[in-house]
Structure formats: structure tokens, C-alpha cells
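Colleague: Before we discuss the terms, please show me the model.

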Amino acid sequence: MSILASLVRAYDRLPDAPPFGFSSEKIGFLISLNDDGTVAHVIDLRDGEGKKKQPRMVLVPQPVKRTAGISPNTFWDKTSYVLGVTAGEGKRTAEEHAAFIKYHLELLEGTGDAGLLVFRRFLSQWTSEQFQLLALPEEMKDQNIIFALESERLNRIMLHDRPAAKTIWANASGSAASATQICLVTGEQRPVARLHPSIKGVWGAQSSGAALVSFNLDAFTSYGHEQGDNAPVSEAAAFAYTTALNRFLEKGSKHRIQIGDASTVFWADAENIEDAEAAENLFSCFIDPQAEDAAATKKVGLQLERIRQGEHLDEVEPALEKGVDFYVLGLAPNAARLSIRFFFEGSFGSITRNYQQFVADMRLDPPPRDVYPPLWRYLRETAVLGKSENVPPNLAGEWMRAILSGTPYPLTLLSAVLMRIRADGDVNALRVGIMKAVLIRNFKREAPVALDPEDNNKGYLLGRLFAAYEETQRAALGSKINATIKDKFYGSASAQPRKVFAMLESGSANHLSKIRKQSTGRYVNLDRLITGIMEKMNPADDPFPASFSAEEQVLFGLGYYHQRNEFFKKTTETTEAAQ
Amino acid sequence: MSYGIRLKVWGDYGCFTRPEMKVERFSYDVITPSAARGILDAIHWKPSIIWVVDAIHVLEPIRFQSIRRNEVGSKAPAGKIKSAMKRGDLGGLQLLVDEDRQQRASTVLVKPAYIIEAHFEMTAKAGADDNEGKHLDIFNRRAAKGQCFHQPCLGTREFAASFELITPDAELPQAISESRDLGFMLWDIDHQAKDRPSLFFRAMMENGIVRVPPPDSPEIRR
């Protein structure tokens, strides 16, 4: 199914979906009106304390899409429209306020409903000076305001909840009926949406919302169509998919996760809600275990462990294997538009299998500090200075797609990590894990998880040798050296070994002779290790090539990592043995 | 009427843009019947025939890749160009690319390969000496030689398509064994009708083969 079709289906299954024509918006204040149209109270609807006050999400008539024009919303809006005041300069506040009043007086022409008549009286007698006269709070300026009758306020009935108001709104929004066309989402003849509602909540996009489907410039239109006619989507379908997407993108919904620059939403489609929620919980733990820490129950933790060890989902939780369709959509901002980084649809069983493949690819012994780090921590290893905003732009999306669908990883991953290692010399478990995974999946090479003394691949052996030389230097000169051979030579040793290893060998000979005079046992072990590594090299086979390919550089890093951690393991073992 | 042909097309990339994702292009999973018709039109077409696509075989697994390109936001203004031609002077006719940049991402298909099964029908513009056999022969000859009016493309012009005729007695390459519901796909655009509406059909891929409904079928939503 297409992206929009699956979102429309998700809307149908949302438990508390806003009805057609309504949407949840951030509302700051409520003004309650006396029967004669004067202001009774002003209530702050925001949650939180002090500076962190967040406006509350309230179901209101759907806002109009405003870009540069003046067009008021129905029964609510920001203060420049509703009250005629703003915090800043406000070049056209007066016109906006006038437009709001005019629109509503026309809309409410001839209404008999008591509440709406109160609203009319309010509009007729309100002037922007009253804001100061009534000493309304300053922080109210530029917030969104809704209205209620004082008599109904305590019953939590807002002005737009009144049945008469709902009827008027339904008529108003339905009157702009455009010609009907076949909707490409539902396949039926329906009125076509000219502009689609905005999607809010994508990281990095405009705060007023971005559009997934938009045709605002000439180059985007075809066959002389304008705006929504380029892609006929019915109003109902447009409302459904944007509402579902906005709901999923809300802060604190259990359906979103941020991966690099891609705001990722995911949702499950199953016969019953528990299965769907279980699948969604598991998925968010695959990507970012910490995010769900508070909600992760023991049960989910146990299931996760078993899945990571490679058990088939059928045995861990058979209900999730079949019958749960899973969708993942990655959205990235591009000015006022949203670009789709990836879209995955499939059974939850196939996602789990691909995740298990990914975990197996990344497995290393010794593992990184937290054995299954979240994806963003891996991505940070590819970024300059380790900052999330420096992650190469398309990388997160492409990697996510590869993980979800089990296809080869993007090679940018490998080149980015190799560059970072050359730049800052940090060969840590996360980076080595990434490189190993790319080697296994893209280059179809076998790479050892833990130290493999029998492996005689050139890159692997030279990596181990380099680690041995570094340890020799450390044993001879102590740990307080300013620049070890790793700091100076890692980059050239891994890329152009022939230049460097002769010098390193002669240097290590000196170090070894010093160690022999200090501690014979240490000397014997190190010498045995170095000869053991060299034994595996075959002189006829060019053991010190002039340059290494990317794959061999990866194996170099892997060998270095394994061998170096052997030394740490040994020291802890000897301290334990000593105790 | 066995005036059908089978053509294998393949390329490095393909982008059969979904109409709703036109700006940040997102491709359909398989080639659309209109794109297939476009490839056939590129090889041989005359006003007296019209190509009708019958089926599409998908030969390679469906894989996507995302690329970003710097493009521009406006089209060449036809009206202004016409008036410049009449005037005989180029003043004011320009597109300053650096002021009009739009960066657009495209999600394209990687290494697509299809077999197009199609046939053609004669139209009202067929003359006295136009017959099906003649056009079929012309098409077969041109396709075998690799002749075309313009290079056929896989969705957008920058993704060129290579083609190869499959003779009636040759064996068809094996399609992928996937079966999926591809949702509503564009069947074609009705250029004859007012406002050029798009026509959609529900595409089902069974064992790698998508059956395309004929033009007067009720399956096509119009």
C-alpha cells in the first residue's frame, strides 16, 4: 500500500481520533464570557511551571493554512486576530483583528443560539484598548485563545463545542466544495483537497508546519494543474492522513523516534490493540532502548533479550510473528516541505529478523560499554566532533532503510567512520562494530567477533601487530608518553603499511630490549606475541602492501581493537589472580 | 488478436514518481502502465496506432535509494518566450539559477528490470494502407535493431532505459516470486478529456506479475 493509504488506515484505527474538520492545536488561554459579552475570566490553560509552560493540546476547528495572507480561524485564533494585540510591533494587527470580527459577524448572521449571540456581543464591543484596561496578563499575547461561556465553562464546554457552533463550522468548511475527482488514496469520486493540512512536529521543519504534499512552485506542477489538482486526494483522505501523522508526531506519543535528521514515525496494524502496542514497544526498544526505559516492563525486557540472542520471534511471542503489519516512515525537513527518507511496510516478523541480522553484524567481543547502544549513538561516531548535527545528512535515513529491509548498508557509513578514525584516532567499540557490520553485509567477508589468533588476513594481522607495538612502547616507556605510536602512525599504518611498519619494527626492537632488562617475563610474552603474529604472515604473499583497500582497513581496525583489548583483559585477570 | 509484443527493459535507476509525492519524488514500486507505454512510444508510434499495456513482469527485487539534487523552482515561461520571439529581442528573458534554487530529494528504484507485455490497436486516424501486421513488423524490426525516436526512459528522462525484444518463441526470464498489494497506481492520464484527469487502478502483484486492466475496464477508476 502507499504511504498515504497506510496512514489513512492508521487514522481509522486511532482510538480517539479527532472528527473530520477538527484538529488538536496548542492553546494557551481561555476567555470566558458573561452573557452580555464582557470578559468574565481569563484562564491559563498551559501546563508546567515558570518558563517551561507548555500550551495544552485542545480539539478545535481545523486551522486555516496561512502563509502570507490574512485569514482568520473559526472560533479561535492567536491574540492578534482575536483581541488585536501582540507582544511585538505587529504591522497589521488592526487588519487581522478587523478580518476576524468581519468573518465571524458574517458567519453568525442570523443565528439564534444564545452562546453564539454572546460571542457576537463580545466581538461588537471589544476594542484592543480593553486589554490594558482589564489588566489581562502580558504573557497572554501571541498565544492561541479559545472561548467559552462563563455559565458553561465549569462543564468544560467550549464555544466551538456547542452543537450550533459545530453545525455552522460543518457548513462553512463544506461549502468550499471543489469539483470531484478520483481520489488516489481511496479510489472514489470525491471533492479534492486544494491544500493539505500542515504536518507539525518534524524536527528541523518550520514551526508553523510543513507539507508532505504540496505544489507551491511552477516547477512542481504538471499539465497545467494547480495546487491539489496535481495529485487528486479527497478532503477526507487528506484530513485523515495529516491527522494520523500529526498524532504520531506529537511529543510523547509512543510512535516517534528521532534518528539523525529523520523524524521517524512507526505504527502497527493488528487485530487487537495489545498486539499492536506490544509490537510498537519492541520496535522502539530495537532503535533506542533508553527512550522506553520508564515504560519498559520486565516482560518486554525479557523478550528483547531473547530476540537479541537470535531466537525466532515465533518462539518468543508467536502473536507478533504473523498478523501484525508494521509501518515505519522517516521524514526529514526541507524548508517548508517534508522529504520522505524511507518508508518500510512489512510484517513485524520480518522487521525482527532484519533487526536480529543487524545485531549479529554489529556483535563484538569485548562489547561497547552498554551492550546494545541506541542508533543515535552509533551515528554520532560518524560525525565531526561527535555532534549529532554534524552527522552526514542522508546517512541516517539510508542506514535505517538498510537495517529495516535487510539490504546492504550505505558505503558512506564506512567512509565516514574511517575518516573519523583518521581524524581523531579513536578506535572504539562502536566504530569498529559499524565497520565490521559493513564488511560482513556489503563485502560479504567473514570477520571475527572476538580475537581470532588463527585468522591470517593481512589487514587483521597488521592491526594486531600494530596493537602489539603500541603495547610494547607502553611497557617500555610507561603510560605517560605524550604521543604514542598510535597517535602518530595509526592513519598511515592502516592505509599505507609499507611506509610505516619498517620504522615501527625497528622502534619496537629498541623497546623490547629495554623491557628485557626490566622484566624478563613481560619481554617473553610480548616477544612471543609478536613472533606469533609474524609467523602467520607469508613472505611470498606481500604481507606489508603499499596500500590497503577499505575492507582491509576495516580488518586492520578490527585486529587492532581485538588485540588491544586482550591486553586490558590480561591485566584485569592478573590483578584478579593476584588477589 | 495476437498482435502482442514482449519487451525487456532495464536500467540503473528508475523513478516512476507518485503524483502526490511529486516535489520530493517517491517512486512507485513498479513501472506504471503509462511509463511502459512511453517506452513503447519511443520505439515506434504513429497516430494510427495506440499502445495498450497488458502486463508487467518484475524481474529484479524492489529496492530504493535516496538521492538529493539541486534543481530550480520555475519553469521556462512559454508566454514570455513567445512574445520575445515576436519582438525579436531577448531582453528580460532569463532564469537566474542561483536565485531560484530548490533542493529536492528523490527516492528512486535501484536497478529495475521489467518485461512489458503489450499490444497495439488501430485508432480512428488509421489510413487505408495501415494494417496491424505492418506496424507489428516495423516495431519488431526497430526493437531488434535498437532503433528509437528518442531514448526511452524509466520514469524521468535522466534515467535512460535499455531495451531488448523478446521474440515469441523465446523463453521469458523468471519474474520475482513476490506477491503484494501495491495500492492504487496511476493507470494513465486521460489527455482527451477536459482537465486531463488521472486514472487509477488497484495494482496487485502476483508472483512478480502485475496485470494491467484494458482501457475500457471498470477496474479503472475514472
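Colleague: How many residues does each chain give to the contact?

Modeller: Chain B gives 34 residues and chain A gives 37 residues, contact being heavy atoms within 4.5 Å. This is a predicted model, in which local features need pLDDT of at least 70, side-chain atom pairs count only at pLDDT 80 or more, and totals for chains, interfaces and linings use all residues. Residues are numbered from 1 along each chain as its sequence is written, and side-chain values use heavy atoms, with hydrogens and water left out.

Colleague: What is the area buried between chain B and chain A?

Modeller: About 3,100 Å² is buried, and carbon and sulfur atoms give 56% of this area. The term denotes the accessible area (1.4 Å probe) that two parts lose on being put together, summed over both.

Colleague: Why is the pair Glu24(B) and Arg337(A) called a salt bridge?

Modeller: The rule asks for a side-chain nitrogen of Lys or Arg within 4 Å of a carboxyl oxygen of Asp or Glu. The closest N and O atoms of Glu24(B) and Arg337(A) are 2.9 Å apart, so the pair satisfies the rule. Across this interface the rule finds 1 salt bridge.

Colleague: What makes S1 and S7 of chain B a pair?

Modeller: Two strands pair if DSSP finds at least two bridges between them. Strands here are DSSP runs of E with at least two residues, numbered from the N terminus. S1(B) and S7(B) share 5 bridges in the antiparallel sense, and therefore count as paired. Within S7(B), Ser162(B) is the bridge partner of Trp10(B).

Key:
Chains are lettered from A and ligands numbered from 1 in the order in which they are written. Helices (H or I, at least four residues) and strands (E, at least two) are DSSP runs, numbered from the N terminus.
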